[in-house]
Amino acid sequence: MNSQAMERAVGLFVLGGVACLSYFAFQLGSANFRTSETYTVEARFTSAVGLNSGAQVLIAGVPVGTVGKMKLGKDFSALVELRVLKNLQLPTDTLASIRGRGLLGDKYVALTPGAEDKTLTQGDRITDTESAVDIESLISRFAFGSVQPEKNEKSEKKPAPKE
Amino acid sequence: MFRHTLLPTLSALVVFHAAPFQLQAKPASPQAVLDQALQDLIRVAEASRGVSAIQLSQKTRPVLEKLFNFESLTKRAVGQGWRELSADQQKQAVALFSEILIRSYASRFDWDSKLEIQFSPPVDLGGGRVEVLAMTRYGNNNVKVLYRMEPAANGWAVYDVVIEGVSLAANYRAQFDSIRQRGGGEALLKLMQENLKQSANKPA
């Protein structure tokens, strides 16, 4: 094999590798819903920290869509586009919550359908939402807040031990 | 069984010290409704100082019934199971769930704590609904509480409360859904009844 043929073979091998990587990145990124089979609703969150475009939208753990564009609202809230399967009839009081796979895992949007008879259609907005919970902030608040009241309660109810 | 996510909120409304509050011009604004409820709860609580949790829940119920749309809140908390309940069961669910929330609040009431609340202007959510952010300072804690409100006879009523990103309706919907899937609407009502029995039997 001459050197030109060898270079061509290496080039093809590299291109094949790039194509495989692109395919897997596309599949693993969950962007496997075609635009033609979805409709778009918008969810308003106080904070969408950690959520990225392409993240999964799940109902009961089953993928039903993906997160589309994200933008900042006029009141500095996060407006997140959700592309969900067309055959899904979601009640207007559906809850959208940003959840994480463990403390450090990827964020996704969990939908919990409600009880309303009216259903969401293309372009509607979900306002019953739960933002991403800031674990660090919560931990520090519990650490500060829980000490004093419990101490008082115990000191009132339990008599001091006799020595 | 239940996680009492409402408690900080209700405590935030009630606790004993009227705080710096930026009143809006319109008397029936969402903030005005929240502030009025706060004042009423403080008055009722001060007049009932030292009573048991059950007695306090009975005394504060009228104020909280005016502030909260318990039917809307229960419907949201029950979620899909709501449609499976008969009209009578729905009424029963509203009565039981509101009692659970009010008793939860009353059992955690602390007459000696101090609270400061500052309301932000309401944000329009569409469909006539608004969201009011209340920055609540309770002891050393700053807690962010969102009141989701909808139009009501007295101006505005709360249909969901979100504390530090955790929604009351979502929290209960997740719990109720698993119960409903296992045992249907009857199981849901039974669970609520048992929860109330337990809270009634707790020592004051």
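Where in helix 7 of chain B is the kink centred? Keep that one in mind while we look around this predicted model, starting with the place where the two chains meet.

Chain A and chain B each put 23 residues into their contact. Together they bury about 2100 Å², and 46% of that area is on carbon and sulfur atoms. There are charged partners here too: 4 salt bridges cross the interface. One to look for pairs A:Asp117 with B:Arg83, where the closest N and O atoms sit 3.9 Å apart. That counts as a salt bridge because the cut-off is 4 Å. You'll also find 10 residue pairs in polar contact across the interface, both residues having pLDDT of 80 or more.

So much for the pairs; what does chain B's side look like? Several elements give two or more residues to the side that touches chain A, among them helix 4 (70-78), helix 5 (81-84), strand 4 (141-152) and helix 7 (168-201) of chain B. Strand 4 of chain B gives the most, with 5 residues. Sort that side of chain B by class and you get 8 nonpolar, 6 polar and 9 charged residues.

Now follow helix 7 of chain B from its beginning. B:Ser167 caps the N-terminal end, with a side-chain oxygen 3.3 Å from the backbone nitrogen of B:Ala169. The helix has 34 residues, yet its end C-alpha atoms are only 25 Å apart, whereas a straight helix would reach 50 Å. Back to our opening question: the kink is centred on B:Gly183, and it comes to about 125 degrees.

Finally, zoom out to the whole model. Over all chains, the salt bridges number 18. One of them joins A:Glu130 to A:Arg99, with the closest N and O atoms 2.8 Å apart. Because A:Glu130 lies in strand 8 of chain A and A:Arg99 in strand 5 of chain A, this pair ties together parts that are 31 residues apart in sequence.

Definitions and conventions. Residues are numbered from 1 along each chain as its sequence is written. Chains are lettered from A and ligands numbered from 1 in the order in which they are written. This is a predicted model: local features need pLDDT of at least 70, side-chain atom pairs count only at pLDDT 80 or more; totals for chains, interfaces and linings use all residues. Side-chain values use heavy atoms; hydrogens and water are left out. Contact means heavy atoms within 4.5 Å. Buried area is the accessible area (1.4 Å probe) that two parts lose on being put together, summed over both. A salt bridge is a side-chain nitrogen of Lys or Arg within 4 Å of a carboxyl oxygen of Asp or Glu. A polar contact is a pair of N or O atoms within 3.5 Å; within protein, one must be able to donate a hydrogen and the other to accept it, and residues adjacent in sequence count only if both atoms are side-chain atoms. Helices (H or I, at least four residues) and strands (E, at least two) are DSSP runs, numbered from the N terminus. Ala, Val, Leu, Ile, Met, Phe, Trp, Tyr, Cys and Pro count as nonpolar, Asp, Glu, Lys and Arg as charged, and the others, Gly among them, as polar. The expected span of a helix is 1.5 Å times one less than its number of residues. The bend at a residue is the angle between axes fitted to the seven residues ending there and the seven starting there.
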